[in-house]
Structures are given as C-alpha cells and as structure tokens.
Amino acid sequence: GVGADGIILVCNSKIADFKMRIFNSDGSEAEMCGNGIRGFAKYVYDYNLIDKNEFKIETLAGIRKVKLNTLNKSITENITVDMGEPILHPVKIPVLTREEPPIKDLKIVIKNKIFTITCVSMGNPHAIIRLHNLEDINIKEYGPLIENRSEFPKRTNVEFIEIKDRSRIKMKVWERGSGITQACGTGACATAVAAFINELTGRKSDIIMDGGTVTIEWDEASGHILMTGPATKVFDGEIEEIEGWGVENEELI
C-alpha cells in the first residue's frame, strides 16, 4: 500500500465522543499518538461524524480534548489538543532508576557512548536526549538500543533534540514499535517539558521536526500540555479486510 507508521481505528465510546485505538507498524497497541489524534479529529469532523469543532476523544492514556481552529467547514488551519499533565514520576513513566523525580540526569552507556536522558510520559514513555548537533547521532543505530534498554520496562520512544534558542527546538525521533518517523506529537510534548525542566526554554516552544512544526505550551495554571499543529488529508482508499487486530466489529464506527 501507500505505507504508514501505524493504523488508527475510530470507535464508539461510552465516556467521550469517540474512542481512538492506534496500532504501531509492529502490531503493538500504543497508548497515545499526538499526531494521530489530530488526524483523527480532522477525519471525524471532515466526514461529518460530528458537527462541533470541540469534542473529547477516549484513548488508552485517558480522555483528550480537541479543538479544530476552523475558518469554515472546509478549511481547518490548526488543531489544538489538550494532552493533559506530563508524568514525571519514574514508576508511572515507567523507568527503573533511583533518581528522584523529575528524571533529568539518567545516564546510560551504549558502545562507549554516554547518553544523559530526561524521562517524561505523555501517557506513553519518552526518553529525551539533548545533542549539540543532531547530525552527530546515528538514530537508526542507537534508537532501538535505547528503546529496548532494561531501564524501560515498557520500552520507550527516543527523542534526540537540538536547542536552537529559548523558543525553538529541533527534534528527531525513534518511535517505539515504529522506528524512525518524520514526527511524533507526544514526543514533541515530552521534548518541550524536558527542555523546560532543564531550564533550556520557556513554557512555550516550537518543535521543529522533519514532518513539520508544532507549538507546545505547558500551561502554568492548569499544568496541562497544549499541542497545536496542522493535520492534512493525503488520500482516500479502501481496505477489503482487516485480520488479526483483535477489535470487535461492533466497536468500530
């Protein structure tokens, strides 16, 4: 087919307007996907499954509120998602360490290279590593080695970041279960949190990825992370049969 990092299912929900299920390319089910939920929101709105531009989506990471910033019914400029509060306690991320939260100085050694990691969960685990130059790292080599380290009992997404200034961060990602991808919404949120708690940026940052840029704001009053970015329709298609996903038919919309 056209290829994809994963598949997202639009399902009924008893506690929100919709339920989102997402499966990685290796078949594992993810708790949350920041880019995926924006595409999900645009899909249900564009295909008239809902007639309001603010609604709630159930995920394995909890309920997320979305707002489509629309010019009219046919044009959606950006989508803002309330991603909830970042998780910084090691047991809940999870990460195995004796370091007190927040975890911003976890050191691991791989092939004689020392990595200093900040750990954040946005409903799914992230390991953020600051570099002076992103071109200095072989992501394909080190990404899977970090993802599968014993310190991360549920594996981890890995973000390599380069601070451009106090409000701009360049990021490349190795996603748990998918490998190198062009962008990661939850990774962008975790990156902004990591940069702030390490006093490298303010509470609002543009996260620049190969697939585009999103704006992340850590709201001081609520403690919630607000992610704003685009979602673009690429193509339409039909799948005749899906096997092996373990999803009851009546759950799908």
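What follows is a conversation about strands, a helix and a pocket in a predicted model.

Colleague: What makes strand β10 (residues 157-165) largely enclosed by the rest of the structure?

Modeller: The term buried is kept for residues under 20% relative accessible area, and seven of the nine residues of β10 meet it, so the strand is largely enclosed by the rest of the structure.

Colleague: How do you know that β9 and β10 pair, and in which sense do they run?

Modeller: Pairing requires at least two bridges between two strands, and five bridges join β9 to β10, so the two count as paired, in the parallel sense. One point of contact to look at is I128, which stands opposite E159 in β10.

Colleague: Why is the unit made by β9, helix α2 (residues 139-147) and β10 called right-handed?

Modeller: The word describes the path from the first strand over the helix to the second, which has to run clockwise when the strands point away from the viewer. The β-α-β unit of β9, α2 and β10 is assigned as right-handed, which means that its path runs clockwise in that view.

Colleague: What joins β10 to strand β11 (residues 168-175), and how many residues lie between them?

Modeller: Seven bridges link β10 and β11 in the antiparallel sense, with E162 having K170 in β11 as its bridge partner. The two strands form a hairpin, with two residues between them.

Colleague: How do you know whether the span of α3 is close to the one expected for a helix?

Modeller: The expected span is 1.5 Å times one less than the number of residues, which for the 13 residues of α3 gives 18 Å, and the helix reaches 19 Å from its first C-alpha to its last, close to that value.

Colleague: What makes α3 mostly covered, and what follows the helix?

Modeller: In α3, 12 of the 13 residues are buried, among them G185, C189, V193 and I197. The helix is followed by E199, whose phi is positive, near 60°.

Colleague: Which elements line the second largest pocket, and what is the character of its lining?

Modeller: This pocket holds about 240 Å³ of space, and of its 15 lining residues the closest to the centre are T116, I128, I129, R130 and L131. The elements that give two or more residues are β8 (113-121), β9 (125-130) and α3 (185-197), and β8 supplies the largest share, four residues. In character, the lining divides into nine nonpolar, four polar and two charged residues.

Note on methods: Residues are numbered from 1 along each chain as its sequence is written. This is a predicted model: local features need pLDDT of at least 70, side-chain atom pairs count only at pLDDT 80 or more; totals for chains, interfaces and linings use all residues. Side-chain values use heavy atoms; hydrogens and water are left out. On a 1 Å grid over the protein atoms alone, a cavity is a set of points where a 1.4 Å probe fits but cannot get out, and a pocket is an open set with protein on both sides within 12 Å along at least five of seven lines; lining residues have an atom within 4 Å of a point. Grid points are joined across faces, edges and corners, and a volume is the space filled by probe spheres set on the points. Ala, Val, Leu, Ile, Met, Phe, Trp, Tyr, Cys and Pro count as nonpolar, Asp, Glu, Lys and Arg as charged, and the others, Gly among them, as polar. Buried means under 20% relative accessible area, exposed over 50%, partly exposed in between (1.4 Å probe, protein chains only).
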